[in-house]
Amino acid sequence: MPPLALYAHFPWCVQKCPYCDFNSYTLRDELPEQRYVEALLRDLDAQVGDLVARPLTSIFLGGGTPSLFAPAAIGRVIEHARMRLGFADEIEVTLEANPGTIERGRFAEYRAAGVTRVSLGAQSFDERQLKLLGRIHSADETRRAAEELHAAGLANFNLDLMYALPAQTAADALADLRAALALEPAHLSQYHLTIEPGTQFAAAPPVQPADEIVEDMLQRCLSSLEDAGFEQYEVSGYARAGARCVHNLNYWNFGDYIGIGAGAHGKLTFPASGFAVRTQQTREPRRYLAAVPGSLARKQIPKAELPFEFAMNGFRLVHGFDDEMFESRTGLPIEVLVRALAPLVVRGLVERSAKRWRATDKGFRFLNDILVELLPPTQAIPAP
Ligand SMILES: C[S@@+](CC[C@H](N)C(=O)[O-])C[C@H]1O[C@@H](n2cnc3c(N)ncnc32)[C@H](O)[C@@H]1O
Ligand code: SF4
């Protein structure tokens with residue numbers, strides 16, 4: 001059986017950012033903290049009933065802005081998960097936090113509640129960009145939040161940065177990165193600003209730098225990160241030794257995860273039938289709060305889609321995956337993948353050596369081309 005993780009979604013934010021298409025909503029009334037936590041616990045109870053229980057290897061409390069919830073509320077979710085499923089040794093428990101929501105002393109309380117890792121949405125350290133991105137915090141608030149993390153003994157934290165920001169030069173992106181590295185994070189995620197349908201930015205798109213400039217900024221950022229002791233291990237993920245995100249690695253290695261909370265996704269394997277199932281909860285928070293526990297959507301992943309689903313995740317990793325991982329996680333013989341990937345090997349997009357698959361440097365840049373080749377004929381192409 002693959003490892004089992006838990007994702008809990010917290011859908012509210014102080015203010016919706018103009019670029020964001022996550023399932024998140026500006027908080028207009030009082031936060032229904034207790035009602036929501038209780039709904040999460042019922043949701044978990046209903047889903048655990050279906051499962052062959054395995055101890056959790058990681059928990060990710062994501063959003064939205066989970067740091068709007070008090071440490072006691074977050075602690076109830078963690079404790080309930082421990083009671084229902086048990087924890088593997090050295091479980092990773094990540095909390096996403098917005099620097100604009102962190103009061104003094106708060107991270108120490110989250111840590112006491114069971115949080116072992118924090119992911120902080122820094123985005124940029126340029127005040128003009130932060131304003132443009134509709135962020136509710138200044139660069140100094142991000143610096144203070146990082147200081148609080150170190151003081152609370154939560155040195156295992158990630159900073160989210162975005163690049164290809166409006167009118168950004170390579171020097172600007174490097175300045176952002178240096179400001180981030182000065183806070184001594186253990187992990188850094190760098191996301192290309194994408195204009196998502198239905199967002200404010202889609203209605204009035206900002207002018208982003210040309211592709212050559214973006215390519216140059218990425219290369220220079222990568223060298224800076226390597227000089228600072230970070231290794232790129234995923235398309236957008238860089239970590240110091242021992243600080244890779246266990247929870248995200250489980251997604252990329254096609255592990256199982258329970259999804260609880262408004263709009264949360266899950267993926268679960270049922271060994272008796274050999275089925276893998278995707279689950280999705282009601283997206284809208286009010287409906288989620290009113291939903292009958294266990295009434296989430298479940299869809300079996302058709303066998304024909306498994307190689308695509310697996311590869312969509314596995315080729316995001318710089319070191320790729322091995323034959324055994326493919327066979328154990330999909331239940332399919334490796335010959336299926338060998339056949340599907342043969343044209344990509346010929347084109348130099350993926351390579352296999354010593355039973356290990358990875359995207360080549362060229363393939364890494366054209367990940368979508370790799371994935372399109374693996375799609376069963378009827379499936380739509382997801383957004384990059
Ligand atoms: C769900 S958010 C969680 C962090 C927290 N809500 C915050 O913003 O501080 C995860 C990350 O996705 C990234 N992100 C969201 N929308 C994006 C977009 N359109 N393009 C690139 N990155 C995006 C941001 O870096 C953000 O921190
Ligand atoms: S980026 Fe984060 S803070 Fe902004 S709307 Fe999305 S989830 Fe909320």
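## Enclosed spaces

Searching the whole structure turns up 3 cavities of 30 Å³ or more. Keep in mind as you look around that this is a predicted model. The largest cavity holds about 90 Å³ of space.

Which residues line the largest cavity? You can pick them out in the structure: A39, R42 and D43, then Q281, and then Y288, L289, A291, V292, P293, G294, S295 and L296. Two elements, α1 (33-48) and α10 (285-290), each give two or more residues to this lining. Of the elements, α1 gives the most, with 3 residues. Sorted by class, the lining of the largest cavity has 7 nonpolar, 3 polar and 2 charged residues.

## An open pocket

Let us turn from cavities to pockets. The second largest pocket has a volume of about 290 Å³. Its lining is made of 13 residues, and those nearest the centre of the pocket are W12, D29, E284, P285 and R286.

Helix α10, which also lends residues to the lining of the largest cavity, appears here again. Both β3 (25-26) and α10 supply at least two residues of the lining of the second largest pocket. Which element gives the most to this lining? That is α10, with 3 residues. By class, the second largest pocket is lined by 6 nonpolar, 1 polar and 6 charged residues.

## Two helices that cross

Further along the chain, have a look at helix α11 (residues 306-314) and helix α12 (residues 323-330). Their axes come within 11 Å and cross at roughly 130°. Why are the two helices described as oblique to each other? Angles over 145 degrees count as roughly antiparallel and 65 to 115 as roughly perpendicular, with the rest, apart from those under 35 degrees, counted as oblique. The crossing angle of α11 and α12 is roughly 130°, so these helices are oblique to each other. Their crossing is right-handed.

Where do the helices meet? On the α11 side, L306, P307 and F310 make the contact, while α12 brings M325, F326, R329 and T330. By class, the contact of α11 with α12 has 5 nonpolar, 1 polar and 1 charged residues.

Definitions and conventions
Residues numbered from 1 in each chain as written. Chains lettered and ligands numbered in written order. Predicted model: local features only at pLDDT ≥ 70, side-chain atom pairs only at ≥ 80, totals over all residues. Heavy atoms only, no water. 1 Å grid on protein atoms, 1.4 Å probe; cavity = no way out; pocket = protein on both sides within 12 Å on 5 of 7 lines; lining within 4 Å. Points joined across faces, edges and corners; volume = space filled by probe spheres on them. Helix = DSSP H or I, 4+ residues; strand = E, 2+ residues; numbered from the N terminus. Nonpolar A, V, L, I, M, F, W, Y, C, P; charged D, E, K, R; others polar. Axes fitted to C-alpha atoms, helices over the stretch in contact; angles between N-to-C directions. Left-handed = near helix turned anticlockwise from the far one by under 90°. Contact = heavy atoms within 4.5 Å.
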